[in-house]
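Me: I've just opened this one and I'm new to it. Walk me through it, please.

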There are 2 protein chains.
Amino acid sequence: MSIKLMITDDHPVVTNGLLKIFDGHPAIQVSAVFSNGKDLLNELKVTLPDILLLDMNLPDMTGMELASEIIKKYPSVKIIILSSSDIIIQVKKMLQLGCQGYLLKDSDDVTIVKAIEAVNAGEQFLSPVLQQQILNDLFKKKQAPAELTRREKEILQLITEEFTNQEIADKLFISPHTVDNHRVSLLSKLQAKNTAGLVRRALEQGLVK
Amino acid sequence: MSIKLMITDDHPVVTNGLLKIFDGHPAIQVSAVFSNGKDLLNELKVTLPDILLLDMNLPDMTGMELASEIIKKYPSVKIIILSSSDIIIQVKKMLQLGCQGYLLKDSDDVTIVKAIEAVNAGEQFLSPVLQQQILNDLFKKKQAPAELTRREKEILQLITEEFTNQEIADKLFISPHTVDNHRVSLLSKLQAKNTAGLVRRALEQGLVK
DNA sequence: CGTGGCATAGCGGAAAACCACTGGTTTTGG
DNA sequence: CCAAAACCAGTGGTTTTCCGCTATGCCACG
């Protein structure tokens, strides 16, 4: 049985190139090509492909929105994102959304076919470049230490766990005033403006949990 | 020039095993072995190794604390964490702290030597198992979509950016009361108790930025 | 064409957070 | 052992958030 594929991309150059690639692969059958999200959604009401090659930058809606909707409505359709953006955050987001693959547009024929076969087999696929980049990302961050005292870390932890000053005070057997004081120090040290900022920085800098 | 190595681990079995491995590698010279953090810190005041093999679970202090301090005081020392824990969060934390490698204790001789050589050459090294796990991690999350309306997402974003209700209202040309209402919806939908919870969930679920 | 979800707006009151002080005790490191 | 840093506690006041109400206009979907 051949793999039924749909392509959505508003650049004819890309779609033509893809079509040419799949021409030589009888196991991969392109059942439809669309240049915008709306057309795709309409077609999906009628037929579902095995795999959908989806561009991130469509004229009528973002890839995020589109992918999100498709995943929700038609969970059986496997989505491979086709993008020229290698921004890690974006890659992560799409994968966490539930896409099965993420291909860079400069991928060669072999890689693209490999990706489709892998995803069709129930695996995931990530452009090798991106794999490397994600690993590097982990090392790079080297966040500024942000010198917090033991007590401050402890209280920051509890703040992110949604405890109020009063609750924290009870837990640590100190006065709510003291908790408040630590809070002020934290705001200053982390250069935050309010609780939201504290939690944000705490999570971003891995100071908690 | 040979690589000067220090080992810190409170399990004789582990250190003995390591020593045996390095016996066969003249390019790697073990200059000292410690069984706790304090002894190590004392020695570092006198001599610095090229690379430090550091156990995560020491009797007197956590690997986090120790690594953090060493990185701050002696940034030239490269640290490879030696741990039996493959908990991804912990791995990430150590790497972001600035450690150059993370080895699982069940790694074979070849891998360990490879790691040391890589780190000595200025690269990073991660146990292959962990590399795979981190990539899988990205796909797995499949977070519950958390159905937020456009407005709610927008407001959640601004909350995490430390704006107050009043400021958000000004920005969106709506009443502060309306912002407050959306906030209540958000608290309910995300099952958060307060602003801290909102920000935490927003970041964890990648709903912002 | 109605029903339900969304966005808007408002009110009032309680709770929590924010801010700037002062001042005492304990811990820590050189 | 001394000084600095951290921790604790309090006063007093302002701002913001939290929560439960009510209520209206809009629009999409069946």
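Reply: One term first: helices (H or I, at least four residues) and strands (E, at least two) are DSSP runs, numbered from the N terminus. This is a predicted model, where local features need pLDDT of at least 70, side-chain atom pairs count only at pLDDT 80 or more, and totals for chains, interfaces and linings use all residues. Residues are numbered from 1 along each chain as its sequence is written, while chains are lettered from A and ligands numbered from 1 in the order in which they are written.

Me: OK, DNA next. Which helices supply the surface near DNA strand D?

Reply: From chain A, H7 and helix H9 (176–189) each supply at least two residues, and so do H8 and helix H9 (176–189) of chain B. "Near" is when a residue's C-beta atom, placed from the backbone, lies within 6 Å of the strand.

Me: And which of them gives the most residues there?

Reply: H9(B), with 5 residues. In total, 19 residues surround DNA strand D, and the closest are A:Thr149, A:Arg151, A:Ile174, B:Asn165 and B:Asn194.

Me: How many residues are around DNA strand C?

Reply: 20 residues, and the nearest are A:Asn194, B:Thr149, B:Ile174, B:Ser175 and B:His177. On that strand, H8 and H9 of chain A and H7 and H9 of chain B each supply at least two residues. H9(A) has the largest share, 5 residues.

Me: What turn lays chain A on chain B?

Reply: A turn of 180 degrees, with a shift of 0.1 Å along the axis, gives an RMSD of 0.2 Å. So the two copies are related as by a two-fold rotation axis. The superposition is by least squares on the C-alpha atoms of residues with pLDDT of at least 70 in both.

Me: Which residue of chain A comes closest to the rotation axis?

Reply: A:Ala196, with its C-alpha at 2.8 Å. The same surface serves both copies, too: 97% of the contact residues of chain A recur in chain B. Two residues are in contact if their C-beta atoms, placed from the backbone, lie within 7 Å.

Me: How many residues does the contact take from each chain?

Reply: 31 from chain A and 30 from chain B. On the chain A side, helix H3 (63–73), helix H4 (88–97), helix H6 (128–140), H7 and helix H10 (195–204) each supply at least two residues. H10(A) gives the most to that side, with 6 residues.

Me: Back to H9(A). Which of its residues are buried?

Reply: A:Val179, A:His182 and A:Leu186. Buried means 20 or more other C-beta atoms within 10 Å of the residue's own, exposed means 12 or fewer, and partly exposed is in between, with C-beta atoms placed from the backbone. Those three cover an arc of only 60 degrees around the axis, which puts them on the same side of H9(A). The arc is that of the directions from the helix axis to the C-beta atoms.

Me: What covers the buried residues of H9(A)?

Reply: The cover includes H7, H8 and H10 of chain A. On the other side of H9(A), A:His177, A:Val184 and A:Ser188 are exposed. After the helix comes A:Gln191, with a positive phi near 50 degrees.

Me: How many residues does H9(A) have, by the way?

Reply: 14, and it reaches 20 Å from its first C-alpha to its last, close to the expected 20 Å. The expected span is 1.5 Å times one less than the number of residues.

Me: New topic: which residues of H5(B) are buried?

Reply: B:Ile112, B:Ala115, B:Ile116 and B:Val119. They sit on the same side of H5(B), because their arc around the axis is only 95 degrees. This helix covers residues 109–120 of chain B and reaches 17 Å, close to the 16 Å expected. B:Gly122 follows H5(B) and has a positive phi, near 95 degrees.

Me: Now A:Glu162. Where does it lie?

Reply: In the loop between helix H7 (150–160) and helix H8 (165–172) of chain A. A:Glu162 has a positive phi of about 75 degrees although it is not a glycine. It is partly exposed, because 18 other C-beta atoms lie within 10 Å.

Me: And what about the phi of B:Glu162?

Reply: That one is also positive, about 75 degrees, and B:Glu162 is not a glycine. B:Glu162 lies in the loop between helix H7 (150–160) and helix H8 (165–172) of chain B.

Me: Last one: how many Å apart in space are B:Lys171 and B:Gln133?

Reply: 42 Å, C-alpha to C-alpha, with their positions 38 residues apart in sequence. B:Lys171 is in helix H8 of chain B, and it counts as partly exposed because it has 13 C-beta neighbours inside 10 Å.
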